[in-house]
Amino acid sequence: MNSHSFLASGDQQNHLHPFALNINASREQEANGRDESSVGDGYLRSRALTMAQQGQYIAAIELLNQLIARHPLNAVDYNNRGLIYFQSGETEKALCDYNTALELNPKLASAYNNRANYYAACGKLEEALEDYDRALDLNPGHVRAWINRGITFRDLGQYEEAVEDFEAALLFGELEGHIIAERGRTYHLWGDWNCAIADYRRALTYLPSYGSNKGEPSFRLRLQVENWLDELLHPHYLRW
């Protein structure tokens, strides 16, 4: 999963935050009924998600700017815009939006997860753990937070805690290929190569094959898992 939703080099870049924007209106807005404004808001959120998935970050941010102008107290829109800022490389703007979202709604679990991903990317692993903990306290079913916290434990060399988090994440029946791949990587770094090989092979049965879109994070993860597996099955011989 290369943690940062898009694959980069290094384990610390594996934190999951693919685009999973909340395209629903806030509860307060939903209570207003299905008026014309609410329909328009839903369309803008859906369109912003589509554009973000296509890499059209500027256009997606412009749509969220419109939503924020309409509803300046809606934490979800700040969180969504922060996620797009992060994906586009504007990390400080992302942090600002995550902080604003949490000021408006201190119980928004996804904003804690997203802000934790920011901290992890900056190497602030202890701060990241604190935010993943908050996300999971608020929403114990937040699978991405379980995965991301496991990756952070692994980056800290706390392999046992990492494996426990991946196993907890598996209980929810989502993202199995990603979870098993990350657990395998943890066993690999921990020195348990038999378990690592078993997990890598199992993960490949879940991850998309070569007929899939090469830009998909799951496909890129497949390539990474194949490389990790090759490291164990075909180690390079030392040259004296």
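In the predicted model, Asn-79 touches Tyr-98, Ala-101, Leu-108, Ser-110, Ala-111 and Asn-114, when residues up to four places away in sequence are left out of the count. Asn-79 itself lies in helix H4, which spans residues 75–87. With a relative accessible area of 4%, Asn-79 is buried, since the limit for that class is under 20%.

The setting of this residue is a chain with 12 helices and 0 strands, so that the order of elements, read from the N terminus on, is α-α-α-α-α-α-α-α-α-α-α-α. Of the 240 residues of the chain, 48% count as buried, and Asn-79 is buried as well. The accessible surface of the chain comes to about 12,000 Å², and 49% of that surface belongs to carbon and sulfur atoms. Among contacts between residues at least 6 apart in sequence, 51% join residues that are at least 24 apart.

A pair of helices later in the chain was examined in further detail. Helix H10 comprises residues 176–190 and helix H11 comprises residues 193–206, and the axes of these two helices come within 8 Å and cross at roughly 160 degrees. Because of this angle, H10 is roughly antiparallel to H11, the cut-off for that description being over 145 degrees. The crossing in which H10 passes H11 is left-handed.

On the H10 side, the contact is made by Glu-176, Gly-177, Ile-180, Ala-181, Arg-183, Gly-184, Arg-185, Tyr-187 and His-188, and these meet Trp-193, Cys-195, Ala-196, Asp-199, Tyr-200, Arg-202, Ala-203 and Tyr-206 in H11. Sorted by character, the residues of the contact of H10 with H11 divide into 9 nonpolar, 3 polar and 5 charged.

One of the H11 residues in this contact is Cys-195, whose place is in helix H11. Cys-195 is partly exposed, with a relative accessible area of 31%, a value that falls in the class between the limits of 20% and 50%. Arg-185, which is among the H10 residues of the contact, is separated from Cys-195 by 10 residues in sequence and by 9.6 Å in space, taken from C-alpha to C-alpha. Thus Asn-79 in H4 is a buried residue, whereas Cys-195 in H11 is a partly exposed one.

Definitions and conventions: Residues numbered from 1 in each chain as written. Predicted model: local features only at pLDDT ≥ 70, side-chain atom pairs only at ≥ 80, totals over all residues. Heavy atoms only, no water. Axes fitted to C-alpha atoms, helices over the stretch in contact; angles between N-to-C directions. Helix = DSSP H or I, 4+ residues; strand = E, 2+ residues; numbered from the N terminus. Parallel < 35°, antiparallel > 145°, perpendicular 65-115°, else oblique. Left-handed = near helix turned anticlockwise from the far one by under 90°. Contact = heavy atoms within 4.5 Å. Nonpolar A, V, L, I, M, F, W, Y, C, P; charged D, E, K, R; others polar. Buried < 20%, exposed > 50% of the residue type's maximum accessible area, 1.4 Å probe, protein only. Areas by Shrake-Rupley, 256 points an atom, 1.4 Å probe, with all protein chains shown as cover.
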